[in-house]
Amino acid sequence: MRTKPSASSSPIPVDRSFIVTHGLAGRFPYFVHAHPCFELIHFTQGDGISLVGDHRGKFKAGDLLLLAPEVPHCFHTEGFLPNGAQLEINVLYVDPMLLEGHRAPELSALSAVLARAKRGLRFARATADDILGILREMASADRVDAVASIYRAFARLARDDQAETLALQELSSHFRVDELARLGAVNELLRRRFREPLSLGDVARDSSVSISTINALLKKYMKTTFLQALTRLRLEEAKRMLQNEDRSITDIAFSAGFNSLATFNRRFRAEEETTPQEFRARHH
């Protein structure tokens, strides 16, 4: 669907201030990156895992997100979708110059939305449906009409009083391509092997990234530690099994990679503020 972008590279051609893209793919690979432009993303088909700044969550069909320039993000899937299914995504990239080049009082509501987008925004479904229609119109519109449609789209975003802020804090970094490549290798290895009794030394050896570099990259790009990242993966797998399987709590704990039931219960309560049994009762 797309080539892997350079860190903080712009997808907008040099002779344009915006571009609308549409893509289909069997999977989204893990890659934390950012762009020096606003990014309005409609996930039209499929679902997966999302990272926006320090926010960790999921995206699903119908979601609409707005990201400000240089917000670190990643949308990925665990492998290819089954039965040849495709992910579909529609994206509007807009140069900040087009939206922030003047501060007309009539655009104060728009300025507020752009400011909130520094932590990432997810909009209500009704807004997402309206925006998808505008994006599809823009694909065949001439440039002047398309610019008018951009302002129409952002005016619609400004009227959404249900928009949800994603990240807890503003995070924009100066990205380095070599660092992002190393971080991608580490995360791929963690996702493949989190169920194993995995140590930081194991990951360093098998990803060819030093222990000190792993710690620095996790802190810089994901605001986490190795143990926190590993525990999060294990807890997500445990929660998935608690919701979908009838196996015992002990079996789930060890299958997810925890080395003792006591450790699992302690980490689960710290993360979810409830016990695995209570979680299962609410979500099974």
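This is a short talk on how the strands pair in this structure. Keep in mind that the model is predicted.

Let's start with strand E3, residues 48-52. How many of its residues are buried? The count is 4 of 5, so to speak of E3 as mostly covered is fair, given that buried means under 20% relative accessible area.

Now its partners. On E4, residues 55-59, the link is 5 bridges. E3 and E4 run antiparallel. They make a hairpin, with 2 residues between the strands. Look at Gly 53 in that turn: its phi is positive, about 60°.

E3 also pairs with E6, residues 73-76. Here there are 4 bridges, and again the two strands run antiparallel.

Leu 51 is a good residue to click on. Which residue does Leu 51 stand opposite in E4? That is Arg 56. And in E6? There, Leu 51 stands opposite Cys 74.

Next, the open sheet. It is formed by 6 strands. Read the order with me: E1, E7, E2, E5, E8, E9. The pairing is antiparallel. Which strands sit at the edges? They are E1, 18-25, and E9, 164-165, and each pairs on one side only.

Let me zoom in on one pair in that order, E2 with E7. E2 covers residues 38-45, and E7 covers residues 87-94. They are joined by 7 bridges and run antiparallel. For a landmark, take Glu 39: its bridge partner in E7 is Tyr 93.

To recap: E3 has bridges to E4 and to E6, and the open sheet runs from E1 to E9 in the order I read out.

Methods. Residues are numbered from 1 along each chain as its sequence is written. This is a predicted model: local features need pLDDT of at least 70, side-chain atom pairs count only at pLDDT 80 or more; totals for chains, interfaces and linings use all residues. Side-chain values use heavy atoms; hydrogens and water are left out. Buried means under 20% relative accessible area, exposed over 50%, partly exposed in between (1.4 Å probe, protein chains only). Two strands pair if DSSP finds at least two bridges between them.
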